[in-house]
Amino acid sequence: MHGVSIFSRAAFILKSMSIVAYIGLGSNMGDKLATCRRAIEMLGKAGRVIKVSSFYCTEPIGYVSQEDFVNAVVEIETPLSPTALLAHCHVIEDALGRSRLVRWGPRTIDLDILLYGDEIISGAELTIPHPLMAKRAFVLVPLSEIAPEIVHPVLKATVLQLLHGLREDHRVSLCDASVNP
Ligand code: AMP
């Protein structure tokens, strides 16, 4: 009885210290859907996964002679600090065999912290909100599916407003079963 109450108190304290963060995932090598699903499962070790967007098939930007990406966004409630969350993302990337030879080029899995509560962080290793999130349809489309009203703490606009103001027209469409033929 005593043990249970200590446990539930610890759970309460952890929950009250938790922050809601949004993590963007992208994969364009190998079994992209399976890799994204596995990464989401592994994110469960960093906190409680609350929402997962649909998977979107998206056109590569920058280095274009590569396969389409699968992108998604996860909402997670986490007790981890931003740097600990980033470290956890790197562990997942390493475990899933992230490989990348070219900047903007093909990668097995890429995890980006898009938002961490309404914190603004500008460091050598970590910038939050993610600097490119407001410019990329492959982020804003899945993010607007699960958190349309969340406000970008620097731009002071909702995700939906950012999406409507977006000028790029790279293809972002819901994935179907043929994504991993
Ligand atoms: P990239 O794989 O091109 O997304 O870049 C990876 C590096 O970007 C990581 O090693 C991080 O140190 C750095 N980085 C800076 N801000 C972020 C962020 N918000 N989320 C993920 N990585 C970030």
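Colleague: Of the 39 residues in the largest nonpolar core, which ones touch the most other members?

Modeller: Bear in mind that this is a predicted model. Several elements feed that core: strand 1 (19-27), helix 2 (32-43), strand 3 (56-58), strand 4 (69-78), helix 3 (82-95), strand 5, helix 4 and helix 5 each give at least two residues. Within the set of 39, the ones touching the most other members are Ile 23, Ile 113 and Leu 114.

Colleague: Leaving aside neighbours within four places in sequence, which residues is Ile 23 in contact with?

Modeller: I'll skip anything within four places of Ile 23 in sequence. What remains is a list of contacts that includes two other residues with the most core partners, Ile 113 and Leu 114. The full set for Ile 23 is Leu 43, Val 73, Val 74, Ile 76, Cys 89, Leu 111, Asp 112, Ile 113 and Leu 114.

Colleague: How many bridges join strand 1 to strand 4, and do they run parallel or antiparallel?

Modeller: One pair to look at is Gly 24, whose bridge partner in strand 4 is Val 73. Strand 1 and strand 4 are joined by 9 bridges, and they run antiparallel.

Colleague: What about strand 2 (residues 48-52) and strand 4, how many bridges join those?

Modeller: Look at Lys 51, which stands opposite Glu 75 in strand 4. These two strands also run antiparallel, and the bridge count is 4.

Colleague: And in strand 4, which residue is the bridge partner of Cys 57?

Modeller: Strand 3 and strand 4 run antiparallel, joined by 3 bridges. On the strand 4 side, Cys 57 is partnered by Val 70.

Colleague: Why is strand 4 largely enclosed by the rest of the structure?

Modeller: To count as buried, a residue needs 20 or more other C-beta atoms within 10 Å of its own. Strand 4 is largely enclosed because, of its 10 residues, the number that are buried is 9.

Colleague: Which elements do the buried residues of helix 4 pack against?

Modeller: Helix 4 is largely enclosed too, since 8 of its 10 residues are buried. Among them are Phe 138, Leu 140 and Pro 142. Their packing partners are strand 1, strand 3, strand 4, strand 5, helix 5 and strand 8 (172-174).

Colleague: Now the ligand: which strand gives the largest share of the shell around it?

Modeller: The ligand is surrounded by Leu 86, Asp 110, Asp 112, Ile 113, Glu 125, Leu 126, Thr 127, Ile 128 and His 130. By type, that shell splits into 4 nonpolar, 2 polar and 3 charged residues. Two strands, 5 (110-116) and 7 (127-128), each bring at least two residues. The largest share, 3 residues, comes from strand 5.

Colleague: Which residue does a cis peptide bond join to Ile 128?

Modeller: Ile 128 is itself one of the residues around the ligand. The bond in question has an omega of about -5°, and its other residue sits in the loop between strand 7 and helix 4 (137-146). That residue is Pro 129.

Colleague: Is Lys 156 buried or exposed?

Modeller: Lys 156 lies in the loop between helix 4 and helix 5 (159-164). Its phi is near 55°, a positive value in a residue other than glycine. A residue is exposed if 12 or fewer other C-beta atoms lie within 10 Å of its own. Lys 156 has 8 of them within 10 Å, so it is exposed.

Methods
Residues are numbered from 1 along each chain as its sequence is written. This is a predicted model: local features need pLDDT of at least 70, side-chain atom pairs count only at pLDDT 80 or more; totals for chains, interfaces and linings use all residues. A residue is near a molecule or strand if its C-beta atom, placed from the backbone, lies within 6 Å of it. Ala, Val, Leu, Ile, Met, Phe, Trp, Tyr, Cys and Pro count as nonpolar, Asp, Glu, Lys and Arg as charged, and the others, Gly among them, as polar. A nonpolar core is a set of buried Ala, Val, Leu, Ile, Met, Phe, Trp, Tyr and Cys residues joined through C-beta atoms within 7 Å. Two residues are in contact if their C-beta atoms, placed from the backbone, lie within 7 Å. Two strands pair if DSSP finds at least two bridges between them.
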